[in-house]
Amino acid sequence: MIKLPTPTHTLLALLLAGISTTSMAEEKFTFLTNWYAQAEHGGFYDAEAKGLYKNAGLDVSIKMGGPQVNVMQLMAAGQADCTLGDNGQALETWQAGVHAVTVATVFQHSPTVFISHDKVENAQGLKDKTFLLATEAYTSFWPWAKSELGLASAKIRPYTFSVQPFLADNNLVQQGYVTSEPFSVEKGGKPFYVYMLSDWGYPPYGNSIICMADTVKKRPAAVAAFVKASMQGWKEYLQDPTAGNALIHKDNPRMGADQIAFGIVQMKKYQLVTGGDAQTGGIGIITEPRLKKTWDMLVKNKLIDADKVPFEQTYTLDMIKDAKVMP
């Protein structure tokens, strides 16, 4: 784990204790999300709308990602201080020469799901189906699904972010996020079943906050302030999303209120933000054992080389461990 020098810890302690930094000049900080503005980003928008970042001494700009946006490359190029992604991305990016570090997470488990027309008792019940998979599946959950769930022989077709092919063919299994695709599938009017991959053992966190290692080392106080304010934003967003939703709609006018409401319901239903270790460690908490499970999974499935991705350098607990924003 990346460790910070002692003098920096003192400054971080002041920030994490909630001491106001409003008398200081606001420090510019750019955060890049992993998709168009949506409920899954609500806590960040809520923190911006309510001045939580400003109170933490930060002038935060939230930039949207999208289907053609490589957030890791943009962050590495200096276009963002931190970004949002699967914590497995940080490990794979490290192997590619971009030293990215996981500092906190929004979701305590991955929101990735399989959606089928048939009810099954376990993943083996899907092995004779054809799966609709996006390109990124091949470097994230699919190698794990093949090796751990026995789906190596399953047929595959490309997922183009439209649920219409799934609705038209009862033999298809649709990948998705529990907060998104089920909303679109439901409009099709047919029965369907949603299976969380995390329930079947898929280990990564979801929507982790990832920063360049140099950013964490050179601007630890700013990163810690951003993380704590964001987690407070998430707590308040789940209580009342009005302020955050207004900014989401401003950035992404095509995002309907019904879709946002569905996302919030799903986040609460599956306790994506408030479940797991967040119950005792606070919203955003990450732990070494959980992070190690993702590293082990990627090594086992030959997505990273253990010799090229030193686990202990790919994360730090210092940005989140004392924030203690309890659900």
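Helices and strands here are DSSP runs, numbered from the N terminus, where a helix has at least four residues and a strand at least two. With those labels, the stops on this tour can be found by residue number. The model is predicted.

**Stop 1: Q108**

Select Q108, which sits in the loop between β4 (100-107) and β5 (112-116). Is Q108 buried or exposed? Buried means under 20% relative accessible area. Q108 has a relative accessible area of 2%, so it is buried.

Now show what surrounds Q108. Leaving aside neighbours within four places in sequence, Q108 is in contact with Y205, L272, V273, G275, D277, A278, G284, I285 and R290. For a sense of scale, pick S184 as well: Q108 and S184 are 76 residues apart in sequence, and their C-alpha atoms are 24 Å apart in space.

**Stop 2: the sheet that holds β5**

Move along the chain from Q108 to β5. This strand belongs to an open sheet of five strands, in the order β7-β6-β8-β5-β9, with mixed pairing. The edge strands are β7 (155-158) and β9 (193-196), each of which pairs on one side only. Direction ignored, neighbouring strands of this sheet are turned by 30° against each other on average.

Strands of a sheet pair through backbone hydrogen bonds, either parallel or antiparallel. Colour β5 and β9: they run antiparallel and are joined by four bridges. I115 stands opposite V194 in β9, and the bridge partner of V113 in β9 is M196. β5 and β8 also run antiparallel, again with four bridges. There, V113 stands opposite G176 in β8.

Next, select helix α6 (residues 141-148). This helix packs on the sheet and touches β5, β6 (130-133), β7 and β8 (172-177). The direction of α6 makes about 65° with that of β5.

How many of the residues of β5 are buried? Five of its five residues are. In a regular strand the side chains alternate between the two faces of the sheet. In β5, T112, F114 and S116 are on one side and V113 and I115 on the other, and both faces are covered.

**Stop 3: the sheet that holds β4 and β10**

Go back to β4, the strand before the Q108 loop. A second stop in the viewer is an open sheet of five strands ordered β2-β1-β3-β10-β4, with mixed pairing. At the edges stand β2 (58-63) and β4; each has a single partner strand, so one side of each is left without a neighbour in the sheet. The twist from one strand to the next averages 25°.

Select strand β10 (residues 206-212). Seven of its seven residues are buried, so β10 is largely enclosed by the rest of the structure. Strand β3 (residues 82-85) runs antiparallel to β10, with four bridges between them, and C82 stands opposite C211 in β10. β4 and β10 pair in the antiparallel sense over six bridges. One position to label is F107, which stands opposite G206 in β10.

Strand β1 (residues 27-32) pairs with β3 in the parallel sense over two bridges. The bridge partner of L32 in β3 is T83. Helix α5 packs on this sheet, where it touches β3, β4 and β10, and its direction makes about 170° with that of β4.

**Stop 4: the cavity beside α5**

Which helix gives the most to the lining of the largest cavity? It is α5 (residues 87-95), with three residues. Select the full lining: N87, A90, L91, T102, L291, F311, T314 and Y315. About 40 Å³ of space lies in this cavity, and the count of cavities of 30 Å³ or more comes to one.

**Stop 5: Y53**

Select Y53, in helix α3 (residues 52-55). Its relative accessibility is 1%, so Y53 counts as buried. Not counting residues up to four places away in sequence, Y53 touches F44, A47, E48, L58, V60, F226, A229 and S230. Then add G78: Y53 and G78 are 25 residues apart along the chain, with their C-alpha atoms separated by 21 Å.

**Last stop: the annotated span**

Finally, select residues 39-242, which UniProt lists in an unreviewed entry as "domain: SsuA/THI5-like". The span is 36% helix and 24% strand, and its end C-alpha atoms lie 11 Å apart.

Key. Residues are numbered from 1 along each chain as its sequence is written. This is a predicted model: local features need pLDDT of at least 70, side-chain atom pairs count only at pLDDT 80 or more; totals for chains, interfaces and linings use all residues. Side-chain values use heavy atoms; hydrogens and water are left out. UniProt positions are given in the numbering used here, feature names are shortened, and annotations may be inferred rather than shown by experiment. Buried means under 20% relative accessible area, exposed over 50%, partly exposed in between (1.4 Å probe, protein chains only). Contact means heavy atoms within 4.5 Å. Two strands pair if DSSP finds at least two bridges between them. Axes are lines fitted to C-alpha atoms, for helices over the stretch in contact, and angles run from 0 to 180 degrees between N-to-C directions. On a 1 Å grid over the protein atoms alone, a cavity is a set of points where a 1.4 Å probe fits but cannot get out, and a pocket is an open set with protein on both sides within 12 Å along at least five of seven lines; lining residues have an atom within 4 Å of a point. Grid points are joined across faces, edges and corners, and a volume is the space filled by probe spheres set on the points.
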